[in-house]
Amino acid sequence: MKKYNPHMIESRWQTYWDKNDCFKATEDKNKEKYYLLEMYPYPSGKIHMGHVRNYAIGDVVARYKRMKGFNVLHPMGWDAFGMPAENAAIENNTHPATWTYDNIDYMRSQLKSMGFSYDWGRELATCKEDYYKWEQLVFLKMFERGLAYRKKTFVNWCDKCQTVLANEQVVDGCCWRHTDQKVELKEMDSWFLKTTEYTKELLDYCDNLPGWPDKVLTMQKNWIGKSQGAIIKFPVIDYDYTVEVFTTRQDTLFGATFLCFAPEHPMVKKMTRGTDQQDKVDAFIEKTLKIDTFMRTADFTAKEGLFTGRYCLNPVTNEKIPIYIANFVLYEYGTGAIMAVPTHDQRDFEFAKKYDLPLRLVIKPEDSEIVEDQMEEAYVGEGILVNSDQFNGIKNRDALEKIGDYLEDKGMGYRTTNYRLKDWGISRQRYWGAPIPVVYCERCGVVPVPEDQLPVVLPLDLDLKEGGKSPLSYEASFYETPCPKCGQKARRETDTMDTFVESSWYFDRFTSPRYDSGPFDKEKVLYWMPVDQYIGGIEHAILHLLYSRFYTRVLRDLGYLEIDEPFTNLLTQGMVCKETLKCEKHGYLFPEQVKDGKCIYCGAEVEVGPSIKMSKSTKNVLDPQKLIEKYGADTVRMFCLFASPPERDLEWNDEGVEGSWRFLNRVWRIVTENSDNIKNSNRCENFSSLPPYLKDMYRKIHLTIKKVTEDIEERFHFNTAISAIMELFNKISQLINSEKELNESDWSVVKEAVENMIVLLNPVVPHISEELWRELGYKSSLVEFSWPQHREEFLEKETCVIVIQVNGKVRSRMDAPVSLNKTEMENMALSDERTRKFIEEKAIKKVIVVPDKLVNIVI
RNA sequence: GCGAGAGUGGCGGAAUUGGCAGACGCACUGGACUUAGGAUCCAGCCCGCAAUGCGGAUAGGGGUUCAAGUCCCCUCUCUCGCACCA
């Protein structure tokens with residue numbers, strides 16, 4: 001008997017699929033298309049378990065859909081621009097391009113060794129000219145339409161990255177890549193994409209994506225952050241300016257006793273210029289801007305502010321109220337200034353108490369009294385308006401409307417909707433990215449590079465300096481260029497685009513990756529898009545997915561696409577977790593640094609920590625390469641799918657992998673040891689003449705087909721699909737290993753069972769199943785094979801086990817013919833001897849009968 | 001603080017519509033085969049007890065129901081997201 005040798009088998013089948021172009025996708029209008037996409041990886045060096053899991057999940061679906069007869073597009077590529085390439089290049093004295101392409105080559109070979117069914121002919125890398133050229137073109141089109149623009153703003157600056165970060169890339173006040181690096185505010189010129197042009201659509205369509213997890217949609221909605229309220233105008237006294245504030249609580253307007261500006265608001269300096277307060281105000285602004293936004297606005301940071309020396313009029317009370325600047329007011333949100341109602345807003349309350357500002361109650365709870373002097377916190381509940389002139393006595397909910405109307409009537413303001421979503425800052429002061437195709441000319445200003453001069457090529461031969469600014473800004477051969485308009489000496493933009501721009505349309509490019517007359521071939525993109533199933537990590541729930549939704553709309557409005565949403569269905573898989581090992585002296589340890597529970601360096605007892613996301617920093621990682629070398633790709637794929645359903649975290653367990661390995665060995669053995677008998681027997685023709693135990697086996701075959709199909713199709717629950725196949729396997733193995741000699745009809749049913757088992761296993765473990773399929777005498781590959789369809793008539797049973805309960809407790813079971821009516825079942829249960837013991841002489845109150853399942857006798 | 005999700009044996013997890021809780025796998029225990037077993041096969045494996053049976057058990061408490069892991073209410077714990085957003 002041949003031993004199961006995964007490496008031999010796997011490389012043989014990988015070569016076969018490759019040579020025969022098995023996964024090559026071509027447009028075919030007669031077939032239903034299915035575009036399956038997993039989030040493409042950043043070529044960081046080698047694949048990690050997260051990739052393996054993500055791509056194993058995707059591959060099951062791709063292979064399954066293909067067997068189901070769909071025209072499947074399943075591409076793979078590389079998110080190839082980005083900072084790690086630059087950092088690694090400086091560290092290792094290589095070029096980012098060399099580093100990136102080397103990594104791509106190695107990672108491609110790793111993905112190939114996993115046997116994923118990609119159409120490798122469509123592979124793309126975003127760092128190549130023929131990719132970013134089209135991104136630059138789209139940028140120019142956006143510029144023409146005002147969807148890309150330049151402005152001076154306060155930007156998030158990471159000193160370690162030496163670049164600007166998008167708001168989305170700031171996590172807890174720190175850089176998303178350097179969690180120990182505080183982000184500073186820096187005023188800079190930057191390019192923005194006008195995501196806010198589509199705010200409403202992006203929000204509304206969240207209710208139009210039934211195939212997305214609610215969690216992700218909620219996160220997107222929160223990020224967009226819709227709030228309804230009003231803009232209210234407060235005229236400044238003795239100064240020609242009217243402050244506009246946004247509020248959601250116009251019902252509390254009569255209680256607005258002061259105003260607060262964000263310190264960096266440009267009006268603050270203007271209003272205080274030449275006044276006594278100027279110096280103090282300037283100092284306060286400077287001080288506040290040194291503190292990053294997170295710290296400044298953290299809930300543990302005390303409210304701080306300063307009087308500007310100016311007053312304005314509360315438009316409804318006509319009272320003179322002071323204008324402050326305050327650290328807790330955000331310049332980016334609303335109008336950058338607020339009306340402060342200390343009685344009904346906790347922040348305003350704290351501020352007023354600190355600076356001794358007046359409190360006026362304007363909402364009173366219906367069943368109690370509040371006195372301003374005795375308030376210890378703001379009253380934020382519902383109530384009745386007081387101290388509000390003609391609005392006194394009405395409920396504050398109604399006052400929202402009424403005061404809104406009043407403001408509009410009097411021209412003091414208007415109702416509006418405000419969103420938290422801001423425009424997307426895409427400028428990065430980095431080298432390894434797509435150049436922004438514009439030129440700055442002293443005469444002509446900002447001049448877009450003409451389309452026929454694209455691409456603006458990222459130069460490869462230049463010096464990379466450690467730290468500091470982007471090398472492009474030192475490279476005269478790059479930035480020196482004649483102005484496209486007037487021909488005079490001009491300077492090229494040296495910033496590059498955020499890499500999220502590339503990932504906002506790579507899925508479109510996959511439909512025609514070699515197309516050279518535009519971003520993509522319209523006919524092909526119309527055929528394939530949208531992506532039917534997108535699979536990736538939850539960590540992209542906001543950034544990547546929101547940008548992609550935005551970019552899709554831009555491409556639609558530019559005439560490239562005819563769809564609104566890029567991804568019809570989204571599956572967010574959980575993280576791969578493993579326990580951590582920690583030594584008191586040496587910190588986190590790799591498993592090989594621990595022997596017999598002791599640290600190999602100091603012999604100290606190693607603490608086994610909780611299972612958390614695999615990460616290099618906590619050293620609880622596992623190199624998939626080693627697993628593939630030890631067990632082969634099929635075992636690794638199988639364990640990843642078997643250990644938990646995809647959306648949940650996967651708890652890594654070394655012994656569990658052994659289990660998958662043993663299962664595949666058992667399958668191998670039972671098929672190879674019995675292949676002659678299986679090959680030489682005929683398919684079972686006459687079901688009704690089979691003895692009961694074979695009918696039972698037949699039923700199991702069809703039950704398994706049904707279960708596996710439903711688990712993959714409806715829920716992506718591969719773990720239960722695999723366990724169903726294991727049950728079928730156990731049943732086959734019991735029959736074959738039983739004492740008796742197998743006869744002809746036994747073998748005919750075994751043939752049916754084994755063949756179906758192999759086909760059902762194919763999407764999960766494609767190599768071993770192909771090999772065993774051949775072992776059974778089939779010449780063609782399972783790639784060509786159709787997914788089996790269960791037959792209802794084989795699921796039907798002649799008898800079933802009925803559970804008999806007395807007062808809800810299981811007391812007995814009986815075998816009964818199926819489809820008895822309720823009375824028959826009841827009578828049968830009542831005549832059951834074991835059941836009678838529990839009923840004794842007691843009166844029966846009620847009998848509940850669930851057909852073919854259960855009888856519950858209530859006494 | 002707000003929002004969402006989760007809590008089931010020693011472990012990963014099943015139970016899809018309210019109908020036998022613990023499928024499948026791991027670990028563990030015993031046995032067979034064996035020079036050997038970290039291979040393979042067979043058996044056992046939620047807890048308690050007066051043990052062929054009975055009782056208890058799905059974070060804890062209460063409720064609805066003939067029947068609750070599943071539905072409702074309260075409490076606790078954990079995870080994730082947001083967090084002075086006016």
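In the predicted model, 54 residues surround RNA strand B, and those that come nearest are Lys 303, Tyr 333, Arg 347, Lys 707 and Arg 813. The residues of this surface comprise 22 charged, 19 nonpolar and 13 polar. Helix α22 (residues 718–737) supplies the largest share, six residues. On the RNA side, sugar or phosphate accounts for 64% of the strand B atoms within 4 Å of the protein, with bases making up the rest.

Individual side chains approach each of these parts of RNA strand B. An N or O atom in the side chain of Lys 707 lies 2.3 Å from a base oxygen, while the side chain of Thr 247 places such an atom 2.8 Å from a sugar or linking oxygen. For Arg 811, the corresponding separation is 3.0 Å, to a phosphate oxygen.

Thr 308 is located in strand β11 (residues 305–313) and is classed as buried because its relative accessibility is 1%. Beyond its sequence neighbours up to four places away, Thr 308 touches Thr 272, Gln 277, Val 281, Ile 323, Tyr 324 and Ile 325. The C-alpha atoms of Thr 308 and Ile 325 are 6.8 Å apart, although 17 residues separate the two in sequence. The side chain of Thr 308 also makes polar contacts with the backbone, reaching the oxygen of Ile 323 at 2.7 Å and the nitrogen of Arg 310 at 3.2 Å.

In helix α3 (residues 83–92), the buried positions are Met 83, Ala 85, Glu 86, Ala 88 and Ala 89. These buried residues pack against α4 (96–113) and β4 (163–165). Asn 93, which follows α3, has a positive phi near 55°.

Definitions and conventions. Residues numbered from 1 in each chain as written. Chains lettered and ligands numbered in written order. Predicted model: local features only at pLDDT ≥ 70, side-chain atom pairs only at ≥ 80, totals over all residues. Heavy atoms only, no water. Buried < 20%, exposed > 50% of the residue type's maximum accessible area, 1.4 Å probe, protein only. Helix = DSSP H or I, 4+ residues; strand = E, 2+ residues; numbered from the N terminus. Contact = heavy atoms within 4.5 Å. Polar contact = N/O pair within 3.5 Å; in protein donor to acceptor, adjacent residues only side chain to side chain. Near = heavy atom within 4 Å. Nonpolar A, V, L, I, M, F, W, Y, C, P; charged D, E, K, R; others polar.
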